[in-house]
Amino acid sequence: MDQAESLRNIIKKQNMESAKRTARVITVTSGKGGVGKSSITLNLAIQLSRMGHRVIVLDADFGLANIEIMLGIRPRYNLSDLMFHGKVMRDIISYGPEGVGFISGGSGIQEMVNLTRDQVYQLIQKMEELDRLADIILIDTGAGVGDSVLEFVAASEEVILVATPEPTSITDAYALLKMLNKNTSFHRGKTEVKMIANQTRNSREADALFNKMGEVINKFLNIEVEYLGGIPYDNNMPRAIMKQEPISIAAPASQASRSLAQITGKLDSRESNGRGFGIMQLFTSVIRMRFHKN
């Protein structure tokens with residue numbers, strides 16, 4: 001029995017054991033670094049928490065630690081400790097402002113390909129616990145179009161693409177969707193793609209950015225992209241980052257904070273595909289993709 005077949009059997013067994021409560025999972029990504037993706041992820045989490053949701057952010061960028069730096073938190077354990085060092089889910093969750101939970105992916109994101117059958121089973125069981133601990137899980141992917149980014153995006157039911165008016169950001173965001181479109185694990189009917197225009201001068205520039213990208217995406221990729229809104233460039237943002245405070249807390253009345261609140265309201269008012277996908281099934285899909293490649 002190969003690894004892929006073992007994984008299928010594990011999933012079947014898990015699904016038969018109990019009906020599971022699952023969290024809403026939203027993956028936030030971008031075509032390149034420096035577009036404010038991690039900051040947007042963190043501030044969306046805070047805004048959603050204020051609306052009464054239990055929110056956990058998973059930092060899936062194994063190379064950098066942007067979220068923990070922005071929060072001023074140094075987690076004691078990460079995903080690798082969950083997988084290999086006997087820790088349970090509650091051990092690796094740190095809590096920051098507004099009660100937002102945070103999990104550092106650490107090296108665990110890369111190491112998933114090396115899991116044994118028993119380790120896969122244990123990881124899936126532990127991810128089931130995360131589905132019970134959160135109402136909404138935000139995944140902050142690494143920047144760019146690397147394999148780990150595409151795996152999380154292709155496995156997700158709900159994706160937020162962050163882009164800025166900078167030409168390289170537009171080009172790289174399109175490149176990410178183009179590679180996603182070629183990924184055999186990506187299914188248009190399963191994944192909702194939404195877009196946020198960040199660091200724009202005004203709402204007109206934000207709308208123009210979406211219209212420009214949307215037209216090309218619809219024409220050449222046949223992927224439907226929903227517009228969530230724009231976030232203007234705000235001098236309060238770099239100040240908040242320097243203070244290691246999310247702008248939603250450091251400057252709640254700022255233009256950027258108000259825009260983030262409006263975007264979060266749109267997210268909260270709409271159901272995702274609503275099939276109870278959950279973080280356990282997302283990780284299962286990512287692991288399956290890695291097994292098929294190796």
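In this predicted model, the side chains of Asp-140 and Lys-37 meet in a salt bridge, with 2.8 Å from N to O. The two partners come from distant parts of the chain, since Asp-140 belongs to strand S5 (residues 136-140) and Lys-37 to helix H2, 103 residues apart. Both ends of this pair are out of reach of the surface in the sense used here: Asp-140 is buried, and Lys-37 is buried as well.

**Salt bridges**

The structure holds 10 salt bridges, and three of them are set out below.

| Pair | N to O distance |
|---|---|
| Asp-140 and Lys-37 | 2.8 Å |
| Asp-135 and Arg-54 | 3.2 Å |
| Glu-158 and Lys-194 | 3.3 Å |

Asp-135 pairs with Arg-54 through their side chains; because Asp-135 sits in the loop between H7 and S5 while Arg-54 sits in the loop between H2 and strand S2 (55-59), this salt bridge ties together parts that are 81 residues apart in sequence. Arg-54 is partly exposed, its relative accessible area being 37%.

The side chains of Glu-158 and Lys-194 likewise form a salt bridge, and this pair links strand S6 (residues 158-163), which holds Glu-158, with strand S7, which holds Lys-194, 36 residues apart. Glu-158 counts as buried at 1% relative accessibility, and Lys-194 is buried too, with a relative accessible area of 3%. Through salt bridges that share partners, Arg-24, Glu-158, Glu-192 and Lys-194 are joined into one network.

**The largest pocket**

Lys-37 appears again at the largest pocket, where Gly-34, Val-35, Gly-36, Lys-37 and Gln-199 lie nearest the centre among the 24 lining residues. The volume of this pocket is about 390 Å³. At least two lining residues come from each of H2, helix H3 (66-71), strand S7 (192-200) and H11, and H2 supplies the largest share, with 4 residues. By class, the lining of the largest pocket divides into 11 nonpolar, 9 polar and 4 charged residues.

**Enclosed cavities**

A search of the whole structure finds 2 cavities of 30 Å³ or more. The largest cavity has a volume of about 50 Å³, and its lining includes Ser-39, Leu-42, Met-70, Met-237 and Glu-245. Helix H2 (37-50) and helix H11 (236-242) are the elements that give two or more residues to this lining, which has 7 nonpolar, 2 polar and 1 charged residues.

The second largest cavity holds about 30 Å³ of space and is lined by Leu-82, Met-83, Gln-119, Gln-122, Leu-123 and Lys-126. Here the elements that give two or more residues are helix H4 (79-84) and helix H7 (117-133), and H7 gives the most, with 4 residues. The residues lining the second largest cavity comprise 3 nonpolar, 2 polar and 1 charged.

**Nonpolar cores**

The largest nonpolar core has 61 residues, and Met-127, Leu-282 and Phe-283 touch the most other members. Helix H14 (residues 278-293) contributes the largest share of this core, with 8 residues. When neighbours within four places in sequence are left aside, Met-127 is in contact with Leu-79, Leu-82, Met-89, Ile-279, Met-280 and Phe-283; of these contacts, Leu-82 is also one of the residues lining the second largest cavity. Apart from the largest core lies another core, of 32 residues, which includes Val-57, Ile-67, Phe-102 and Ile-263.

Key: Residues numbered from 1 in each chain as written. Predicted model: local features only at pLDDT ≥ 70, side-chain atom pairs only at ≥ 80, totals over all residues. Heavy atoms only, no water. 1 Å grid on protein atoms, 1.4 Å probe; cavity = no way out; pocket = protein on both sides within 12 Å on 5 of 7 lines; lining within 4 Å. Points joined across faces, edges and corners; volume = space filled by probe spheres on them. Nonpolar A, V, L, I, M, F, W, Y, C, P; charged D, E, K, R; others polar. Core = buried A, V, L, I, M, F, W, Y, C linked by side-chain atoms within 4.5 Å. Buried < 20%, exposed > 50% of the residue type's maximum accessible area, 1.4 Å probe, protein only. Contact = heavy atoms within 4.5 Å. Salt bridge = Lys/Arg side-chain N within 4 Å of Asp/Glu carboxyl O.
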